[in-house]
Amino acid sequence: MTDILKIDDETIPKFPKHVKFRYNKARDEWVILAPERLVKLDPIAVEILKMVNGEREVKSISLELSKKFNAPEDTIISDVKEMLQNLSDKGFIEENG
Amino acid sequence: MDDMKNNNLKKASEHGIQAPLALLAELSHRCPLQCPYCSNPVQLEKKTGELTTDEWKSVIDQAVEMGMHQIHLSGGEPTVRHDLEDIVEHCSKQGLYTNLITSGVLLNPDRLKKLESLGLEHVQLSFQDTDHENADRIGGFKGGHAKKLEVAKWVRDVELPLTCNCVVHRQNIDNLENFIQMALDLDAERVEIAQVQYYGWALKNRAAFIPTPEQLDHATEIVEKARIDLKGKLVIDYVIPDYYAKHPKNCMGGWGRRFLNMNPKGDVLPCHAAETISHLKFDNVREKSLKWIWENSEAFNMYRGTDWMPDPCKSCDRKEIDWGGCRCQAMALTGDAKNTDPACSICPMHNEIFSMAAEEARRAPPEFIYRKYGVRFNSPI
């Protein structure tokens, strides 16, 4: 694993190989799966994580979300960073590069 | 037992319990190692009784249909099964998060590569110590530790994520910092530092394993410091021996609430030690569907929820946090699975058991009783 990640506007987030963001058909829900870990997600987190593909920057993800939900970009970007930082601290998100 | 005659037990859905999250699949009890704290029952299942490939595939289909997220392929040693590749491939196709829990000693680079290409997502590799000689002595397998270090490299070579499973006790706890360093050196994502839990084989060997309270406190300090120092670098999961805890563990997240376990012959159990509760009758996937068993099996419904609890659990405000602790431990140490887990500090037997264990920890450790087929015991503990 790499050093501790600080999520900023230019970070390109991705899921580490052992972390899966997956749709469970029987339960009709998106979850994060990792060894002996299961993270249930609120609908906003699901919207953010659907855009995490190892190519897009935090800024670009936030911009699209602010348009989609018609919300101020600076609020969205701080929410996105907070959520991704939280997941990164737990080892569920890393930086591509 | 009187309560076995009670057919009016509430079912899973009547407790508001949803489908289980994960399946622990013990593919076989066969294993080249003989760890004296093995989580398998003392009565080990032979190869001839094991479920077939097709039977496992059917179980996997049913697990997915129920909404399960993860499968842990375990044992014994799961790699003794020549159809492990088929099973992994099927799990992956069905979308289960597929985890292999292994001693590693039977693996080779080609097989790991194959398993990875078929969809294996994670490997948990067990370690008995960081000292070669002592590790091999504990596992009862010469050259085991050296092989495991090689296997860890092969796991990372095929870019599979790695967890080091380190079982710690009084005979290796002084190497705790080395275990953490080993996990870093092996490029593991995660390390499990699990103190021995005392059921089955481990209970027979308790006097050889139980640490002193001072050893435990020291270990906990090391883990807490490492967790801060290595935040974002290495995930450290830590399990203390609950004898020394104030509250019992909420074993399995509560009996029959989140997980199920299958033994090699297809019995469906609320946890891997449940067979130690000898009056329970388990349903088998050869006769009933997994879904039916989760909802209806008497062995599950017996200790679900809080209705079964006696005092002090019944009137405790933590009853839906701890769920009464561990049924198997209550059975092993008090003779009745319904009693409060003695690990709980308000259990009437807590002090007696705690001081017995602490006394054992101060004496010289006895010889191991190694885990193998056909060992007979005279007394139940």
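## Helix H5 over the sheet

In this predicted model, helix H5 of chain B, residues 144–157, lies across two strands, S4 (122–127) and S5 of chain B. The direction of H5(B) makes an angle of about 165° with that of S4(B).

## The sheet itself

Where do S4 and S5 of chain B belong in the wider sheet? Reading across chain B, the order is S7-S6-S5-S4-S3-S2-S1-S8-S9. These nine strands make an open sheet, and their pairing is mixed. S7 and strand S9 (268–269) of chain B stand at the edges with a single partner strand each, so one side of each has no neighbour in the sheet.

Let's look at one pair of strands. S5(B) and S6(B) run parallel and are joined by six bridges. B:Cys166, for instance, has B:Ile193 in S6(B) as its bridge partner.

## Helix H9 and its two faces

Now to another helix, H9 of chain B, which covers residues 213–229. At 1.5 Å a residue, its 17 residues should span 24 Å, and the end C-alpha atoms are indeed 24 Å apart, so the expected span and the model agree.

Which residues of H9(B) are buried? They are B:Leu216, B:Ala219, B:Val223 and B:Ala226. Because these residues cover an arc of only 90° around the axis, they sit on the same side of H9(B). Their cover includes strand S5 (162–168), helix H6 (176–185), strand S6 (190–195) and strand S7 (235–239) of chain B.

The face turned away from the buried side of H9(B) carries exposed residues: B:Glu214, B:Glu221, B:Glu224, B:Lys225, B:Ile228 and B:Asp229.

Methods. Residues numbered from 1 in each chain as written. Chains lettered and ligands numbered in written order. Predicted model: local features only at pLDDT ≥ 70, side-chain atom pairs only at ≥ 80, totals over all residues. Helix = DSSP H or I, 4+ residues; strand = E, 2+ residues; numbered from the N terminus. Expected span 1.5 Å × (residues − 1). Buried ≥ 20, exposed ≤ 12 C-beta atoms within 10 Å, placed from the backbone. Arc of directions from axis to C-beta. Contact = placed C-beta atoms within 7 Å. Pairing = 2+ DSSP bridges. Axes fitted to C-alpha atoms, helices over the stretch in contact; angles between N-to-C directions.
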